[in-house]
Amino acid sequence: MPEAHAIAPAAEAPAWWHIALPHTTAAVPIARALIRTALTDSEPAADCDTAELLTAELVANAVEHTGGRGPIELMVEVRPEGCRVEVHDRAPSPPGSLSSPTPPPVPDPWQEGGRGLLLIRTLSEACGHRPTDRGKAVWFRLPAAAVAG
């Protein structure tokens with residue numbers, strides 16, 4: 001079972017969650033549960049449904065496109081202004097058109113895949129990728145959700 005580490009938030013300090021996930025499809029529901037818990041326990045939180053969807057897309061892409069090399073790591077940072085989610089994998093190659101300045105072509109509606117990065121680009125406040133010592137980190141940021149009042 002993966003091990004989660006949470007650092008309790010101070011008054012204005014960010015809250016962090018970091019978990020190593022198996023390089024299997026079982027990682028997706030674990031990642032969804034972690035992001036929902038992280039955002040439910042934080043105020044103000046980003047939109048949980050959007051965060052879950054985008055996190056699931058990043059983790060599923062890491063499982064599908066990185067050839068089973070090592071664990072996938074999920075890092076969640078929650079701040080008063082929103083959240084940042086990073087998925088680390090061992091493959092150094094960039095994730096398609098995620099941070100390209102020009103939008104990718106519209107996916108074929110008859111194809112099963114090809115929408116994940118489009119969803120991340122469209123629904124996040126910002127997204128991208130960066131190289132790491134062991135591969136890459138793919139990330140997105142969501143703003144804090146408006147509080148109904």
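**Exercise 1. Cys48 and the missing disulfide**

Work out why Cys48 forms no disulfide with Cys83 in this predicted model.

*Solution.*
Step 1. Set the cut-off: a disulfide needs two cysteine sulfur atoms within 2.5 Å.
Step 2. Find the closest cysteine sulfur to that of Cys48. It belongs to Cys83, and the distance is 8.7 Å.
Step 3. Compare. The gap is too far for a bond, so Cys48 and Cys83 are not joined.
Step 4. Check the total. The structure holds 0 disulfides.

**Exercise 2. The surroundings of Cys48**

Decide whether Cys48 is buried or exposed, and find which residues it touches.

*Solution.*
Step 1. Place the residue. Cys48 lies in helix α2.
Step 2. Apply the cut-off for buried, which is under 20% relative accessible area. Cys48 has 14%, so it is buried.
Step 3. List the contacts, leaving aside neighbours within four places in sequence. They are Arg36, Leu39 and Thr40.
Step 4. Look at one of these partners, Arg36. In sequence, Arg36 and Cys48 are 12 residues apart. In space, their C-alpha atoms are 5.8 Å apart.
Step 5. Use the cut-off again on another cysteine. Cys127 has 18% relative accessibility, so Cys127 also counts as buried.

**Exercise 3. Helix α2**

Test whether the length of α2 agrees with its residue count, then find what its buried residues pack against.

*Solution.*
Step 1. Take the expected rise, 1.5 Å a residue. The 18 residues of α2 should then span 26 Å.
Step 2. Compare with the model. The end C-alpha atoms of α2 are 25 Å apart, which agrees.
Step 3. Pick out the buried residues of α2. Among them are Cys48, Thr50, Ala51, Glu52, Leu54 and Thr55. Ala56, Leu58, Val59, Ala62 and Val63 are buried too.
Step 4. Find their packing partners. These are β2, α1, β3, β4, α3 and β6.
Step 5. Look past the helix. Gly67 follows α2 and has a positive phi, near 65°.

**Exercise 4. The nonpolar core**

Find which elements build the largest nonpolar core and which one gives the largest share.

*Solution.*
Step 1. Size the core. It has 33 residues.
Step 2. Name those with the most contacts inside it: Leu21, Leu39, Val59, Leu74, Val76 and Phe140.
Step 3. Assign elements. β2, α1, α2, β3, β4, α3 and β6 each supply at least two core residues.
Step 4. Pick the main contributor. α2 gives the largest share, 8 residues.
Step 5. Follow one residue, Leu74. Beyond four places in sequence, its contacts include Trp17, Ile19, Leu21, Ala31, Leu34, Thr55, Val85 and Val87. Leu74 also touches His18 and Glu86.

**Exercise 5. The two faces of β2**

Determine which β2 side chains are buried, then find how β2 and β3 run.

*Solution.*
Step 1. Read along the strand. The side chains alternate between two faces.
Step 2. Take one face. Ala15, Trp17, Ile19 and Leu21 point there and are buried.
Step 3. Take the other face. Trp16, His18 and Ala20 point there and are not buried.
Step 4. Add the pairing. β2 and β3 run antiparallel, joined by 7 bridges. Ala15 stands opposite Val78 in β3.

**Exercise 6. Helix α3**

Decide how the buried residues of α3 are arranged around its axis.

*Solution.*
Step 1. Name the buried residues: Gly116, Leu117 and Ile120.
Step 2. Look down the axis. These residues fall within an arc of 95°, so they line one face of the helix.
Step 3. Ask what covers that face. The cover on the buried residues includes α2, β5 and β6.

**Exercise 7. Strand β6 and its partners**

Find how many residues of β6 are buried, and which strands pair with it.

*Solution.*
Step 1. Count the buried residues. They are 7 of the 9 in β6, which is mostly covered.
Step 2. Take the β4 pairing. β4 and β6 are antiparallel over 8 bridges. Cys83 stands opposite Leu142 in β6.
Step 3. Take the β5 pairing. β5 and β6 are antiparallel over 7 bridges. Gly128 has Trp139 of β6 as its bridge partner.
Step 4. Describe the link. β5 and β6 form a hairpin, with 2 residues between them.

Definitions and conventions:
Residues are numbered from 1 along each chain as its sequence is written. This is a predicted model: local features need pLDDT of at least 70, side-chain atom pairs count only at pLDDT 80 or more; totals for chains, interfaces and linings use all residues. Side-chain values use heavy atoms; hydrogens and water are left out. Buried means under 20% relative accessible area, exposed over 50%, partly exposed in between (1.4 Å probe, protein chains only). A nonpolar core is a set of buried Ala, Val, Leu, Ile, Met, Phe, Trp, Tyr and Cys residues joined through side-chain atoms within 4.5 Å. Helices (H or I, at least four residues) and strands (E, at least two) are DSSP runs, numbered from the N terminus. Contact means heavy atoms within 4.5 Å. Two strands pair if DSSP finds at least two bridges between them. The arc is that of the directions from the helix axis to the C-beta atoms. The expected span of a helix is 1.5 Å times one less than its number of residues.
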